[in-house]
Amino acid sequence: MNLHALRIYCSVASKKSVTEAAKALLISQPAVTMQIRNLEKETGLTLMVPKGRGIELTEAGEFLFKQAVRLFDMEADIEKKLEQYKKGEQEELRLSSTYLPANFLLPAWLAKFKNQFPLVHVNVYSGNSEQAIDKLLHYQTDVAFVVKEKWTEPDIALSHIMDIHYWFIVPKGHKYDGKEVMLSDLVQEPFIMRETGSSTREILFSLFKIHGVEPPYIGLQLHGFNESIRAVIAGYGVMLAPSLAVQDHLDRKEIGRTKVQGIEVKRPVYLCRRKADKHMPLTLKHFLELVKDETM
């Protein structure tokens, strides 16, 4: 495949305009059009069609654009690493992660890793599962740690690391503190809920539906685990929270825990790598060996 034509195609696809791509690339509009036609001839597919003053990608065009962006991201990553080798720069470890691993697992692992390999430069990007995976697929990170149940990404290789248990917590001294109750009884208490779209909120409402229980009164809706836990510490509400986030508070007797009869909630943590990667850098290998030792 003509990579020069593919670069021009990516510019047109991203700007949705032949004219704008020509301006950005500092070449004539007919030259851009010719390269797109050559690419379509080479692939035997229609990649884009006119739409108003711009263009619209076909299904095949969308696929090619997505894969081409990854290809050129990989090229940029290769060039960056080769430049680092030439300059004798320190090795780099780049990670992306969702909230829970980034806040409650990675700090301890990375502290131990840095004590063993102090010269390795570490970058951690935190975001939702889509953002963490996107950075991995576009060669902006080398590995991703993601809490997620359903997977549809065919280019990701998954390794299950551990499960994170979720507990129902209540204010210290609450009538259900330290007791096992029915879900139907617990929902009579006011709940602290995460925002709409939160996976924890979705888990809760799935539990209510499965067990045929009417959702509870939402006493507070907060954006974030820390804010929600602080409200429980202050003496208000019931909350479903990851054990990693509340264990220290339980140990310090700042909150209480309630067990719900017949219900155990846990979510998987996956280590994600690109299937296309056949070679593992030594720095990454050392880090993943450490993670394996810590989670066995």
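## Charged side chains and one strand

The structure holds 11 salt bridges. It is a predicted model. Side chains of opposite charge can pair when their charged atoms come close. The points below cover three of these pairs, then two arginines without a salt bridge, then strand β10.

**Salt bridges**

- Arg94 and Asp142 form a salt bridge, and their closest N and O atoms are 2.9 Å apart. Arg94 belongs to strand β3 (residues 92-97), while Asp142 sits in the loop between α7 (129-137) and β5 (143-147), so this pair ties together parts that are 48 residues apart in sequence. Both Arg94 and Asp142 are buried.
- Glu189 and Lys175 meet through their side chains in a salt bridge, at 3.4 Å from N to O. Glu189 is in the loop between α8 (183-186) and β8 (191-194), and Lys175 is in the loop between β6 (156-171) and β7 (180-181), so the pair links parts that are 14 residues apart in sequence. Glu189 counts as buried because its relative accessibility is 14%, and the cut-off for buried is under 20%.
- Asp277 has a salt bridge with Arg274, with 3.0 Å between the closest N and O atoms. Arg274 has 7% relative accessibility and therefore counts as buried.

**Buried arginines without a salt bridge**

- Arg273 lies in strand β12 (residues 265-274). Arg273 is buried but has no salt bridge. Its nearest side chain of opposite charge is Asp277, 4.1 Å away; a salt bridge needs a side-chain nitrogen of Lys or Arg within 4 Å of a carboxyl oxygen of Asp or Glu, so this pair does not count.
- Beyond its neighbours within four places in sequence, Arg273 is in contact with several residues, including Asp142, Asp155, His279 and Leu288. Asp142 is also the salt-bridge partner of Arg94.
- Arg201 is part of helix α9 (residues 199-210). Arg201 is also buried without a salt bridge, and Glu195, the nearest side chain of opposite charge, is 7.4 Å away.
- Not counting residues up to four places away in sequence, Arg201 touches Met193, Arg194, Glu195, Thr196, Ile218 and Gln221.

**Strand β10**

- In a regular strand the side chains alternate between the two faces of the sheet.
- In strand β10 (residues 239-242), Met239 and Ala241 point one way, whereas Leu240 and Pro242 point the other way. All of these residues are buried.
- Strands β6 and β10 run antiparallel and are joined by four bridges. Opposite Met239 in β10 stands Ile169.

Definitions and conventions. Residues are numbered from 1 along each chain as its sequence is written. This is a predicted model: local features need pLDDT of at least 70, side-chain atom pairs count only at pLDDT 80 or more; totals for chains, interfaces and linings use all residues. Side-chain values use heavy atoms; hydrogens and water are left out. Buried means under 20% relative accessible area, exposed over 50%, partly exposed in between (1.4 Å probe, protein chains only). Lys and Arg count as positive and Asp and Glu as negative; His and the chain ends are not counted. Contact means heavy atoms within 4.5 Å. Two strands pair if DSSP finds at least two bridges between them.
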